Amino acid sequence: MVIDMINDDFKTLGNTETSNKVVMSVKNCNVFYGDNQALNDINIEVGRSEVLALIGPSGCGKSTFLRCLNRLNDTIDSCRVSGKIHLEEEDIYSGEIDVVMLRARVGMVFQKPNPFPKSIYDNVAYGPKIHGITTSKEELDELVEVSLEKAGLLDEVKDRLHTPGTALSGGQQQRLCIARAIAIKPDVILMDEPCSALDPIATEKIEDLINELKENYAIVMVTHSMSQAARVSQRAAYFHLGNLIEVNDTEKIFNDPEHELTKNYISGRTG
Amino acid sequence: MFNYLFVVLIVVTIFIYFYSKKYSIKIRNQSGYLHSLPQYYGFYASLWFLIPSLIIIGLYLIFAESFVTSTLIKSLPNNIKNLPVNELNLVVNDIKNLAVGNIANSSSFTGINEAANFYNEQYELIDKVVFYSSLIMGLLTFTYAYKTISSSYRARNFIESAIHILLFGSAVIAIFVTAGILLSVLFEALRFFDVINFSEFLFGLSWSPQMAIREGQVGSSGLFGAVPLFAGTILISLIALILAVPIGLLTAIYLSEYADTKVRAITKPILEILSGIPTVVYGFFAVITVAPFIRNTGSFLGLDIASESALGVGLVMGIMIIPLVSSLSDDVISSVPQSMREGSYGLGATKSETIKKVILPAALPGIIGGILLAASRAIGETMIVVMAAGLSAKLSFNPIDAVTTVTVQIVTLLTGDQEFDSPKTLAAFALGLTLFVFTLFLNFIALKIVRKYREQYE
């Protein structure tokens with residue numbers, strides 16, 4: 001019966017446009033896995049200095065959508081993406097853009113902390129090294145320190161930068177992954193449920209960090225926690241079965257959702 | 001009679017199983033409670049029957065022969081009993097052959113027929129004793145077990161510990177067999193070291209065991225320096241690894257990271273076929289195809305290459321271990337978590353950067369373990385080198401020379417009619433022991449390396 005609420009020419013409710021400077025814009029995006037359509041005609045803008053939360057029940061396409069933004073879906077053979085996704089002026093799915101450069105500008109933090117089996121220093125220096133961002137050892141050292149500082153990790157690890165990153169606690173590992181992502185100075189940071197594997201204290205630290213980071217980056221975050229979405233995001237987008245149902249200011253979505261499905265989900269009746 | 005024992009044992013065991021099971025069900029019905037499921041009581045009682053019986057049969061198998069033989073010798077007439085040991089053994093063998101109906105020298109002494117009959121009677125008697133005693137012993141212990149069955153008896157826990165002991169026993173057998181192999185080689189090798197100095201064997205630079213069996217010169221003038229053999233083994237193995245490691249590793253990377261499912265579906269089985277080819281066929285390949293090719297190429301370039309060159313053998317051996325390296329590396333690379341790859345792609349790394357900087361370092365301990373395993377295989381490989389490597393021990397690290405290996409020498413020392421008390425044949429055991437220690441050492445290092453990297457990365 002919920003599916004009846006969406007027909008083929010469904011239009012996303014609310015306001016898909018951002019009031020800030022547009023960093024990414026998505027137009028008529030469809031995603032297929034083989035013959036299955038995973039996302040249906042998605043339109044949305046991502047703005048600078050804001051956190052956009054993607055919410056919705058499991059399997060609704062949030063993560064798939066997130067992975068369209070840095071073309072990480074390319075690594076899956078059966079996946080096809082149509083429509084237009086622009087990063088500032090460039091169409092990221094056109095033949096001209098280099099996917100490697102795209103991913104340097106659109107960083108990503110994953111659900112489970114995935115530091116490389118290298119030292120803390122080498123984890124952060126990994127991106128800058130492959131992109132040749134720094135020219136000298138001193139410059140690289142400084143960039144590593146600044147990135148760790150921004151990720152709120154420097155004080156905890158500065159005297160053991162050359163110990164394995166995998167020896168850190170879960171929360172520290174996740175902040176290391178954030179430091180690794182911001183070391184290559186991206187415009188956008190994608191976060192796929194960054195706190196779902198962490199305890200409440202580590203979660204709080206990451207949320208504080210996201211609040212600080214949003215001043216300089218556009219952040220798109222998938223989350224299953226309604227309270228987290230309410231705490232850290234400025235705009236929220238509700239996905240349901242591959243459709244983008246509603247996009248609005250977070251306050252509006254949580255207090256006065258426009259669509260029946262959004263209302264059900266927020267109040268805990270679906271998902 | 002003894003032949004039926006196993007059938008009887010199985011039938012009785014099955015009967016006891018069902019009988020005890022039924023009994024436990026009866027107890028459950030009467031008292032309304034039973035600690036374990038009825039079949040556990042069945043197993044419990046039948047184990048108590050079976051194990052003592054099997055122990056008695058085991059003792060019979062170990063001791064019966066020597067017991068009967070010693071009674072036989074005691075019964076022989078004095079003039080035969082007092083013969084020297086080796087002559088006495090011949091007579092005893094004659095009696096035994098006669099007793100079981102083989103062709104025997106029945107005229108070695110008068111009364112041999114009686115002795116053979118005595119031998120058979122003794123055996124029949126002991127068979128009878130074992131038959132009844134194993135059944136009676138089993139039934140006694142079964143009766144004890146049967147009486148302990150009650151509603152609160154924990155048969156399930158008993159079976160659990162029985163399974164524990166069974167599994168432990170299997171592991172112990174493997175260890176004992178290894179120890180047995182080692183000891184049997186060790187004792188022969190020690191006999192060799194009685195004659196030949198240990199350091200001369202280990203550090204001597206020339207190997208020429210053939211001299212040792214000339215008459216009147218036993219052991220005194222043979223040269224048993226094993227260094228050229230180990231040098232040859234290492235040279236050939238190194239050539240094999242130099243070929244197999246890069247090709248195998250790159251194949252593994254291609255298959256696990258680049259190849260699409262179609263290519264993988266074809267390539268993997270072909271590699272597996274390669275690893276299934278008998279080594280004797282690789283030997284043909286080395287002798288008939290590779291060695292002449294290398295020799296001809298060499299003479300074209302003006303090089304004088306031996307037709308049994310280490311290069312040819314090593315290359316063929318390398319081909320043999322490519323599948324080993326590639327399938328072990330493939331497993332290790334595939335087991336690196338997908339999240340590592342995505343983390344690296346997400347930072348804008350290309351596929352080859354990701355492989356070089358993230359996947360290979362993460363997989364390195366496993367890859368090194370695989371390479372050392374392949375090295376052990378190459379060092380112990382016998383058939384290819386017997387067919388295609390040289391026989392004369394030449395101390396050389398030149399790949400176009402003909403060198404020989406430890407395994408080749410072991411084979412040549414032990415094939416044909418040999419006496420097992422000359423240093424020449426005993427040398428084979430010393431070589432085997434050294435090879436064993438060497439591969440053990442290699443495995444030890446492999447484990448060390450793997451553990452070191454584990455500590456660092458996990």
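**Exercise 1. Place Tyr119(B) in its helix and decide whether it is buried or exposed.**

Start with the secondary structure: in this predicted model, Tyr119(B) sits in helix α5 of chain B. Next, look at its surroundings. Tyr119(B) has 21 C-beta neighbours inside 10 Å, and the cut-off for a buried residue is 20 or more, so Tyr119(B) counts as buried.

Now list its partners. Leaving out residues up to four places away in sequence, Tyr119(B) touches Val68(B), Leu72(B), Ile95(B), Lys96(B) and Ala99(B). For a sense of scale, pick Ile400(B), 281 residues away along the chain: the two C-alpha atoms are separated by 64 Å.

**Exercise 2. Work out which residues of α4(B) are buried and how they are arranged around the helix axis.**

Begin with the helix itself. Helix α4 of chain B covers residues 85–100, which is 16 residues. From first C-alpha to last it reaches 23 Å, close to the 22 Å expected at 1.5 Å a residue.

Then pick out the buried positions: Val91(B), Asp94(B), Ile95(B), Leu98(B) and Ala99(B). Viewed down the axis, these buried residues fall within an arc of 135°, so they line one face of the helix. A general rule helps here: an α-helix has 3.6 residues a turn, so residues three or four places apart point the same way.

Turn to the other side of α4(B), where Val85(B), Asn86(B) and Val100(B) are exposed. What covers the buried residues includes α2 (38–75), α3 (78–81) and α5 (112–148) of chain B. Finally, step just past the helix, where Gly101(B) takes a positive phi of about 90°.

**Exercise 3. Compare the burial of Glu88(A) and Glu193(A): which is buried and which is exposed?**

First, check the backbone. Glu88(A) has a positive phi of about 50° although it is not a glycine, and Glu193(A), also not a glycine, has a positive phi of about 45°.

Second, find the loops. Glu88(A) lies between β5 (79–87) and β6 (90–91) of chain A, while Glu193(A) lies between β8 (188–192) and α7 (200–213) of chain A.

Third, count neighbours. Glu88(A) has 12 C-beta neighbours inside 10 Å and counts as exposed. Glu193(A) is buried, with 21 other C-beta atoms within 10 Å.

**Exercise 4. Find the residues with the most contacts inside the largest nonpolar core, and the helix that gives this core its largest share.**

The largest nonpolar core has 137 residues, and those with the most contacts inside it are Leu54(A), Val188(A) and Val316(B). Its largest share, 15 residues, comes from helix α11 (residues 310–334) of chain B.

Zoom in on Leu54(A): beyond four places in sequence, the residues it touches include Phe65(A), Leu66(A), Val220(A) and Phe239(A). Then look for a second, separate core: this one has 19 residues, among them Phe224(B), Ala226(B), Ala430(B) and Leu431(B).

**Exercise 5. Describe the side of chain B that touches chain A.**

Count first: 19 residues of chain B are in contact with 24 residues of chain A. The elements giving two or more residues to the chain B side are α12 (338–346), α13 (351–380) and α16 (423–457) of chain B. The largest share, 6 residues, comes from α12(B). Sorted by class, this side of chain B has 8 nonpolar, 6 polar and 5 charged residues.

To finish, consult the domain assignment of chain B, which gives domain 1 (2–152) and domain 2 (223–457). Taken over C-alpha atoms, the centres of these two domains are separated by 50 Å.

Key:
Residues numbered from 1 in each chain as written. Chains lettered and ligands numbered in written order. Predicted model: local features only at pLDDT ≥ 70, side-chain atom pairs only at ≥ 80, totals over all residues. Contact = placed C-beta atoms within 7 Å. Helix = DSSP H or I, 4+ residues; strand = E, 2+ residues; numbered from the N terminus. Nonpolar A, V, L, I, M, F, W, Y, C, P; charged D, E, K, R; others polar. Expected span 1.5 Å × (residues − 1). Arc of directions from axis to C-beta. Domains from an automatic or database assignment. Core = buried A, V, L, I, M, F, W, Y, C linked by C-beta atoms within 7 Å.
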